[in-house]
Amino acid sequence: MTDDSNEVDLPLKAIARRGAISSTTSFESTDGMFNIEKDSRLVKLFNKAVENNLLFTHLDENERIQVFNVMSCRSYSPDEIIIDQNNEQEYFYIIEEGEVDVYADDQLIASFGEYSSFGELALIQNTSRFMTIKAKTNVKLWTLLGETYRKILMDITMNKRKVYDEFLIRVPILQTLNEVERFIIADSLESVQYEDGDIVVKQGELGDDFFLIVEGNCIVYQKACEYSEGVEIDTLGPGDYFGEIALLCNRARVATLVAQGVLRCVKINRERFERVLGPIREILQRNISRYNSIISLEQLHIIIDKEKEDC
Ligand SMILES: Nc1ncnc2c1ncn2[C@@H]1O[C@@H]2COP(=O)(O)O[C@H]2[C@H]1O
C-alpha cells in the first residue's frame, strides 16, 4: 500500500465554504491525517459515489465537504490486501480508480469498481466488518475512518445547534418553542442563498420546502388567475417565513417570491417539516388568514379545519 504523500503535503486549508449560516471546525482525523481540502473534481466524484447513500443525504454540501476533506488517499497493486477480516479499524471507502473484491471467510461476496462506495456500516457502528478486501487491479481509493466520521457528525450537529439557535431564538413564529424543540429544528435546517431577482418559489408550482429568512428581503407577487399580471402584495425580511401553505395544504404555491438583493434563508423539506414543526402547526395555519392575499385563502382554511375534524 502507498499513502499518496502529495495529499499530505498540501497546506491545511479551511474545510468548508461559508453558507448562509455555517460553522467551520478544524479536525485532525483519528488516523493521524489532517484535513486536506479536496478539489472540485474530487468533490464531484465523492458526491457521485455517495449520492444514494442515506448517511450522506442528510448532510448539506458544506457538511459533506467537511467529511470529504478528512478522507485519505491510498493506492494498491493487484492482489494486495486492502483490509483483512481481522483488522480492528472500520473504514468507509470510495474507489477513484480500479476494482476491488470483497471476501467473507474466503468466499467472494462482492466486487466494486470506480466511483462506488462501500463500508458504510463502519460509519454507524463500531463492530468488526468480517470482510477482507483485496485489490483486483491497480486501485486508488479514499478512506474515511468510521470514528472520524462519527466525530465530525457530532461536531457538525453541536455547531449547527449553537449557531442556528442564536438565529432561531429571535424568529417570532418560533417564540413558543423550548430549547430542545429549537435544537430539533436546527438539526434539520439547510442553508440556501439567492441572488437579486432569483425566483425562490413560484405561484402555481409544487413545492417541498418551508423557508425562514436569515438575511435580506424578498418580494411577494401574486396573480388573481393564471393569465393575469402578478401584483406585488408584500415584502418579507429577516425572521419572516414562507412556503408553509404548499406543505400544510398539500397544494401548489399561492404566491411567487423573488429575492430583492442577496437573500439568505434556511429551509426545511416536507419530510422533516411535519416532524419538527409539529408544535407550531396550528399557529402557522391560523396565520394564513392574516395574509393580504388577492386570491381567496378561505378555501384552504375549510380544507385544514375539515382535516382537523377528521383526525
Ligand atoms: N400575502 C400573501 N398571500 C399568500 N401567501 C403569502 C403572502 N405573503 C407571503 N406568502 C407566502 O408565500 C408563499 C408561497 O408559497 P406557499 O403557497 O407554500 O406559501 C406562501 C406563503 O408562505
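**Figure 1. Surroundings of the ligand in the predicted model**. The ligand is surrounded by 17 residues, and the closest are Phe 242, Ile 245, Ala 246, Tyr 291 and Ser 293. Two elements, β13 (231–236) and α8, give two or more residues to this shell, and helix α8 supplies the largest share, with 3 residues. Sorted by class, the shell holds 10 nonpolar, 4 polar and 3 charged residues. For the complex, the predictor reports an ipTM of 0.99 together with a pTM of 0.69.

**Figure 2. Glu 244, listed by UniProt under "binding site"**. The unreviewed UniProt entry lists Glu 244 and Arg 253 for this feature, and the first view shows Glu 244, which lies in helix α8 (residues 244–249). Glu 244 counts as partly exposed because 19 other C-beta atoms lie within 10 Å, whereas 20 or more would make a residue buried. When residues up to four places away in sequence are not counted, Glu 244 touches Phe 210 and Leu 284.

**Figure 3. Arg 253 in the loop between α8 and β15 (256–269)**. Arg 253, which the unreviewed UniProt entry also lists for "binding site", has 19 C-beta neighbours inside 10 Å and is therefore classed as partly exposed. Leaving aside neighbours within four places in sequence, the contacts of Arg 253 are Val 201, Lys 202, Gln 203, Gly 204, Glu 205, Gly 207 and Ala 246. Among these contacts of Arg 253, Ala 246 is also one of the closest residues to the ligand.

**Figure 4. The largest nonpolar core and a separate second core**. The largest core has 36 residues, of which Val 200, Phe 211, Leu 212, Ile 213, Cys 218, Leu 257 and Cys 265 touch the most other members. At least two residues of this core come from each of α6 (146–168), α7 (179–188), β11, β12 (209–222), β14 (241–242), α8, β15 and α9 (270–276). Beyond four places in sequence, Leu 212 is in contact with Val 171, Tyr 241, Cys 265 and Val 266. Apart from the largest core lies another, of 32 residues, including Ala 49, Phe 56, Cys 73 and Trp 142. In soluble globular proteins, nonpolar side chains tend to be buried together.

**Figure 5. Confidence along the chain**. The chain has an average pLDDT of 83, and 83% of the residues score at least 70. Among the elements of the chain, strand β11 (residues 199–201) has the highest mean pLDDT, 98, and helix α1 (residues 5–9) the lowest, 31. Over residues 3–33 the pLDDT stays under 50, and for these residues the model has 63 contacts beyond four places in sequence.

Terms used. Residues numbered from 1 in each chain as written. Predicted model: local features only at pLDDT ≥ 70, side-chain atom pairs only at ≥ 80, totals over all residues. UniProt positions renumbered as here; feature names shortened; annotations may be inferred. Helix = DSSP H or I, 4+ residues; strand = E, 2+ residues; numbered from the N terminus. Buried ≥ 20, exposed ≤ 12 C-beta atoms within 10 Å, placed from the backbone. Contact = placed C-beta atoms within 7 Å. pLDDT = per-residue confidence, 0-100. Core = buried A, V, L, I, M, F, W, Y, C linked by C-beta atoms within 7 Å. Near = placed C-beta within 6 Å. Nonpolar A, V, L, I, M, F, W, Y, C, P; charged D, E, K, R; others polar.
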